[in-house]
Amino acid sequence: MNLLIIKRTIIFSLILGAMLGIVGLLPFLIGYVLFILLFFSSVIVILYMKKNDKYLGIIDTQQGAILGSIIGFFSTVGFFLAFSPMVCIIKLIFKNYYSYAIPDAFSMGLWLFAIIVFMVSIIFSMVNSVSAMGLAFILSYFEKKPEEYDAPLDIKIED
């Protein structure tokens, strides 16, 4: 796995998190959005990247776990980056909108809000790591591996 794949993964997960943050502004969908963010954001991003093998090739379970943790962390950060300011704006417009105490957190303790977002992102990254590892395990049965995929290297070291 190279740096280009990781950069693309970060970008796609930030976009997914921001889209889920905008959808989560509807109060009756916030539970579903958080469920998708917690369990399925890594599955969605990996399946999107594997579509037509354009961004991602064959991955094993270790690479799936690493990608899942990256996706889980950055999709949660993207969610809060889109959701929090929009909640504050909507709260200014509609006084009876439930604001999840986000405007109060911004006005009284922004550092505490940043720590809460960071810790929630770590927890979501661990859960998404397991989801992506399971997806990579399931995909290993359905994908065709090229010949000699597991072949050992034929290198001789002579002193």
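**A salt bridge, a helical contact site and two positive phi values**

Lys 50 is placed in helix H2, and in this predicted model the residue is classed as buried, its relative accessible area being 10%. When neighbours within four places in sequence are set aside, the contacts of Lys 50 comprise Leu 56, Gly 57, Ile 58, Ile 59, Leu 139 and Glu 143. Glu 143, which appears in that list, is also the partner of Lys 50 in a salt bridge between the two side chains, with an N to O distance of 2.7 Å. The two partners belong to distant parts of the chain, 93 residues apart, since Lys 50 lies in helix H2 (residues 30-50) whereas Glu 143 is found in the segment after helix H5 (110-142).

Side chains of opposite charge can pair when their charged atoms come close. The N to O distance of 2.7 Å between Lys 50 and Glu 143 falls within the 4 Å cut-off applied to such pairs, and so the pair qualifies as a salt bridge. By this rule the count comes to 1 salt bridge. The two partners fall into separate accessibility classes: Glu 143 has a relative accessibility of 23% and therefore counts as partly exposed, while Lys 50, at 10%, is buried because its value is under the 20% limit.

Helix H3 contains Phe 79, a residue for which the relative accessible area is 2%, so that Phe 79 is counted as buried. Apart from residues up to four places away in sequence, Phe 79 touches Gly 17, Ala 18, Leu 20, Gly 21, Ile 30, Val 33, Leu 34 and Leu 37. For Phe 79 and Val 45, which stand 34 residues apart along the chain, the separation between C-alpha atoms is 14 Å.

Attention then turns to the backbone of a loop. Between helix H3 (61-93) and helix H4 (102-108), the loop includes Tyr 100, whose phi is positive, at about 55 degrees, although the residue is not a glycine. Ala 101 is likewise placed in the loop between H3 and H4, and its phi, near 60 degrees, is again a positive value in a residue other than glycine. With regard to accessibility, Tyr 100 is partly exposed, having a relative accessible area of 26%, and Ala 101, at 44% relative accessibility, also counts as partly exposed. Both values lie between the limits of 20% and 50%, which is why neither Tyr 100 nor Ala 101 is assigned to the buried or to the exposed class.

Methods
Residues are numbered from 1 along each chain as its sequence is written. This is a predicted model: local features need pLDDT of at least 70, side-chain atom pairs count only at pLDDT 80 or more; totals for chains, interfaces and linings use all residues. Side-chain values use heavy atoms; hydrogens and water are left out. Helices (H or I, at least four residues) and strands (E, at least two) are DSSP runs, numbered from the N terminus. Buried means under 20% relative accessible area, exposed over 50%, partly exposed in between (1.4 Å probe, protein chains only). Contact means heavy atoms within 4.5 Å.
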